[in-house]
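Reader: I'm new to reading protein models. Could we walk through this one together, one small step at a time?

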Amino acid sequence: MRRRSILSLDSERVRVTVRVRPPTKDEETKEDGLPFIFLDTEKNSVILRRKGSFADFKEFKFDAVLPETAPQVDVYNAAAQTVVQDVLDGYNGTIMAYGQTGAGKTFTLSDIVTDELVGTTVEGIIPRSAADIFLKAETDKDHEYHVSMSYIQIYMEMIQDLLRPENSNLNIRETENGEVYVAGVEEIQVKSVQDVMKLLMIGDQNRNFAFTKLNAHSSRSHTIGMITVEKKALQPPGLRKALTERNRRGSNLTMPEKVLVGKLFLVDLAGSERLKRSGSEGIRATEAMSVNMSLTTLGKCISARADPMVTHVPFRDSKLTRLLQESLGGNAKTSLIVNVAPCGEFLQETFSSLQFGSRAMKVSTRAIVNIEEEFRVITKNLQQALEIQDKRLHSLEAAVLSKEEQLEAARLSLELQTREVEKLRKEQKLRDEQVSLSKKFLEQLKDRDKDWQNRLELLKMAAKDHLIEKVHDQKEEAAVKIQRAYKKYYLNHLQEEKRKVEVVAGSQLMVNSAAKVFKSLAAVDDYFTKKT
Ligand SMILES: Nc1ncnc2c1ncn2[C@@H]1O[C@H](COP(=O)(O)OP(=O)(O)OP(=O)(O)O)[C@@H](O)[C@H]1O
């Protein structure tokens, strides 16, 4: 069984800091944007007033309250620094940002400023925590440090490894000691602040962002960055030398080495939103409902923890609370930052966020220093590595299976293609045969054609001779006919002429006889004249 030594056990409560963000340009011009929230930084109190009323509405007291002008370093000092120091001493620590969507949670935790001249600078709590951890690791000459990081998101009740997004539905497991952890999550060794920032950026690219009316970059998932610090005391040089000397003489001595294991949970909760106000629909509305559900469970757990009379805490009702179980009244030093917006439009949301923070202040935790023997740390690390390998093996197996399926599909398709090729080949062969037959047929046709042409020539020639003969005959016949026609014509003509001549001759005769008549008549006349 794994053994954990408890060096010290501190009972304390969750530390709560309130941070008000500056108003946006839009909010400054709105009527509802008038101040309704007043901070007394001396007394660490927040006073809420109803719009247009000078009477105090509600006063809340916290461990620290930070106005909109507070720089990031002040927020770190007020809400995170001691937790990080505790983690370096082997405690579990949780720094959690809570608040409505767009209130400044991500800005408070993860802000990194990249300036072309200065380069990337550490601003938010996560990079500042990493900076403190590595500063300590560099300056502490009595200990050896091993720092690793993992980064997950809880989206629609599914845990996704943000550093290995293909692992999108990880399980929560519990060790024999009741320690809750995410099985199979990638834990990457980090050696500098830059390493941490690089992993943060990679993780953030995979984070699920969606547009809502309230905040153009609203995150619809909870993210948890986990930094594990293993701190091992270096053996004094004298002792190391003595052991080496003894072992050289045949002994097999080892000093059981102790390792302090501090875990820092950096939790960026998704913002709660009123669906009516944000205008989310479809998948966005489902996401918002899932976020609201887990935040309600978180509220219930905090209320239950804050009330000593309540024995059942519904940690198991959501993945978020199950994972944060230790941070909410267990083995952890917990700091909660309540982010609020400064304008009256969000009075209701700000009120419930402050009420949440106020309840959280009543939650006490019992943090212990986690000291483990080195081999147990190694075993645990190996166990985790094994789980990761297991997961990879599973995905590899799945990949092999899918490859086999693909191969089978490819084989089938090849078979089909081969059949198709065979069919095509046969068709081609048939076509070739047809072509060759057609060629033969064509040849035969050509031969026939030649034959026919020859015959035609002969026929033509015969026809020509026959025609010539016939023409000759017809010519002769025609000549005879013409001669006859001429003859007939001339005969007719002659007869006509003859008739004309005969007419003319007849007339002459008549003229002659008339003349004779006239002569006779004249004679008669003359006779008669003479007689008379
Ligand atoms: N203290 C601050 N000073 C200047 N700008 C701020 C501050 N807090 C927040 N902002 C700005 O307000 C906007 C919303 O902040 P942020 O994204 O951090 O909100 P959020 O609470 O994480 O929202 P969500 O829950 O929707 O993810 C961002 O543009 C951020 O830069």
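Author: Happily! One term first: two strands pair if DSSP finds at least two bridges between them. Please keep in mind that this is a predicted model.

Reader: Thanks! How many bridges join S3 to strand S4?

Author: Strand S4 covers residues 45-48, and S3 and S4 run antiparallel. At one place along this pair, Ile37 stands opposite Leu48 in S4, and at another, Asp40 faces Ser45 of S4. The number of bridges joining S3 to S4 is four.

Reader: Which strands are the edge strands of the sheet?

Author: The sheet is open, with three strands in the order S3-S4-S5 and antiparallel pairing. An edge strand here pairs on one side only. That describes strand S3 (37-40) and strand S5 (58-61).

Reader: And which helix packs on the sheet?

Author: Look for a helix that touches S3, S4 and S5. Its direction makes about 150° with that of S4. Spanning residues 347-360, this is helix H11.

Reader: Which side chains along S3 are buried?

Author: In a regular strand the side chains alternate between the two faces of the sheet. S3 shows such alternation: Phe38 and Asp40 point to one face and are not buried. Pointing to the other face, and buried, are Ile37 and Leu39.

Reader: Which residue in the hairpin of S3 and S4 takes a positive phi?

Author: This hairpin has four residues between its strands. The positive phi is near 55°, and the residue that takes it is Asn44.

Reader: What about the hairpin of S10 and S11: which residue in the turn has a positive phi?

Author: Strand S10 (residues 143-155) and strand S11 (residues 158-161) pair in the antiparallel sense over four bridges, with Ile154 opposite Ile159 in S11. Two residues lie between S10 and S11. In that turn, the residue with a positive phi, about 50°, is Met156.

Reader: Is Asn77 buried, partly exposed or exposed, and why?

Author: Asn77 is found in helix H2 (residues 72-79). A residue needs 20 or more other C-beta atoms within 10 Å to be buried, and 12 or fewer to be exposed. Asn77 has 14, so it falls in between and counts as partly exposed.

Reader: How far apart in space are Asn77 and Ile125?

Author: In sequence, Asn77 and Ile125 are 48 residues apart. In space, going from C-alpha to C-alpha, the distance is 9.3 Å.

Reader: Last one: what percentage of the protein's residues count as buried?

Author: The protein has 12 helices and 18 strands. Of its 532 residues, the share that counts as buried is 32%.

Key:
Residues numbered from 1 in each chain as written. Predicted model: local features only at pLDDT ≥ 70, side-chain atom pairs only at ≥ 80, totals over all residues. Contact = placed C-beta atoms within 7 Å. Axes fitted to C-alpha atoms, helices over the stretch in contact; angles between N-to-C directions.
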